[in-house]
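I opened this one with no background and kept short notes on what I looked up. Here they are, tidied a little.

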Amino acid sequence: MRKTVYRSGVDLWLIVFVFGVVAGVYGVVLFTYFSWSMFITGVLLLTIIAWALFDIKYIILDNFLIVSCFSGLFKTTFDIKEITSVRATRTIQSSPAASLDRLEVKCGRRSVVLSPRKKQEFLAHLLKINQAIEVKK
C-alpha cells in the first residue's frame, strides 16, 4: 500500500483578498464597537479560513485518488482506473482547490477540479496508474 500526498497550491491573491475582507470588516467593527467576543470570533473565523485554504490534500493510495479537506472531515474518493480525462482549467467554480492553476479530473459522470502544487508530478502519477487517461490542453 503506497500513499502519496499532493498539497493544493494556494494563490497569494486569494489569501490577501479573503484575509483582507475579513480583517477589514472585523477591523471596522472592532474599532467602532470593541468587544472581546467579536475579537475572538474574528480570530476563529480567520483560523478556520486558513485551515480551509492550507489543508486541501490530494492523496493517491494504491489505485484511488482521495480528495481531503479539513483534515479528512470532508473526503471524496475516485477510482483512478475510472478516470477518463484530465484538462487544465482556470475556472472559478467552487472546488477543493485554492489556486486558479487547476486540473479538471473526469471520472465517469463525476468530475472534480483540483489544484495540486506539483501538477506535472501529480498528472504523471495518475498516468502511471491509468495510461488510458486522455490529457487535454
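**Entry 1: a loop residue with its phi on the plus side.** I started at F70, which sits in the loop between β3 and β4. Its phi is near 50 degrees, positive even though the residue is not a glycine. I noted the background to that: most residues other than glycine have a negative phi. I should also say here that I am working from a predicted model.

**Entry 2: another one like it.** I found D62 in the loop between β2 (57–61) and β3. D62 is not a glycine either, and its phi is positive at about 55 degrees. Is D62 buried or exposed? I got 39% relative accessibility, so D62 counts as partly exposed.

**Entry 3: along β3.** I looked at two residues of this strand. F64 lies in β3, and at 38% relative accessibility I put F64 down as partly exposed. Skipping neighbours within four places in sequence, I listed I59, T77, F78, D79 and I80 as the contacts of F64. I also checked a distance: the C-alpha atoms of F64 and L53 are 23 Å apart, with their positions eleven residues apart along the chain.

S68 is in β3 too, which covers residues 64–69. S68 has a relative accessible area of 4%, so I wrote it down as buried; the cut-off for buried is under 20%. Which residues does S68 touch, leaving aside neighbours within four places in sequence? My list for S68 reads D55, I56, K57, I59, F74 and K75.

**Entry 4: over to F74.** F74 came up in that list, so I went there next. F74 belongs to strand β4, residues 74–79. Again without neighbours up to four places away, F74 contacts V67, S68 and C69. I then took the C-alpha distance from F74 to F31 and got 36 Å, for two residues 43 apart along the chain.

**Entry 5: salt bridges.** How many salt bridges are there? I counted three.

- K57 and D55: their side chains meet at 3.4 Å, N to O. I found K57 buried, and D55 as well.
- E104 and R87: the closest N and O atoms are 2.7 Å apart. This pair links distant parts of the chain, with E104 in strand β6 (residues 102–107) and R87 in strand β5 (residues 83–89), 17 residues apart. E104 is at 11% relative accessibility and counts as buried, while R87 is at 33% and counts as partly exposed.
- K119 and D101: the closest N and O atoms are 2.7 Å apart. K119 lies in helix α3 (residues 119–129) and D101 in the loop between β5 and β6, so the pair ties together parts that are 18 residues apart in sequence. I have K119 as buried, with a relative accessible area of 17%, and D101 as partly exposed at 38%.

**Entry 6: S85 in β5.** I went back to β5 and picked S85 in that strand. S85 is buried, with a relative accessible area of 6%. Not counting residues up to four places away in sequence, S85 touches E104, V105, K106, I133, E134 and K136. I recognised E104 there as the salt-bridge partner of R87.

**Entry 7: the helix pair.** How do α1 and α2 cross? Their axes come within 10 Å, at an angle of roughly 175 degrees. Angles over 145 degrees count as roughly antiparallel, so that is what I wrote for α1 and α2. From α1, the contact is made by L14, I15, V18, F19, V22, Y26, V29 and L30. From α2 I noted M38, F39, T41, G42, L45, L46, I49, A50, L53 and F54.

**Entry 8: a nonpolar patch.** Last stop: I looked at F34, in the loop between α1 (12–32) and α2 (36–54). F34 has a relative accessible area of 48%, so I have F34 as partly exposed. Together with W36, F39, I40, V43 and L44, F34 forms a nonpolar patch on the surface. I put the accessible area of the patch at about 630 Å². F39 is thus in my notes twice: it is in the patch, and it is in the contact of α2 with α1.

How values were computed:
Residues are numbered from 1 along each chain as its sequence is written. This is a predicted model: local features need pLDDT of at least 70, side-chain atom pairs count only at pLDDT 80 or more; totals for chains, interfaces and linings use all residues. Side-chain values use heavy atoms; hydrogens and water are left out. Patches are made of residues with over 30% relative accessible area and no salt bridge: like charges are joined within 9 Å, nonpolar side chains (Val, Leu, Ile, Met, Phe, Trp, Tyr) within 5 Å. Accessible areas come from the Shrake-Rupley method with a 1.4 Å probe; for residues, only the protein chains shown count as cover. A salt bridge is a side-chain nitrogen of Lys or Arg within 4 Å of a carboxyl oxygen of Asp or Glu. Helices (H or I, at least four residues) and strands (E, at least two) are DSSP runs, numbered from the N terminus. Buried means under 20% relative accessible area, exposed over 50%, partly exposed in between (1.4 Å probe, protein chains only). Axes are lines fitted to C-alpha atoms, for helices over the stretch in contact, and angles run from 0 to 180 degrees between N-to-C directions. Angles under 35 degrees count as roughly parallel, over 145 as roughly antiparallel, 65 to 115 as roughly perpendicular and the rest as oblique. Contact means heavy atoms within 4.5 Å.
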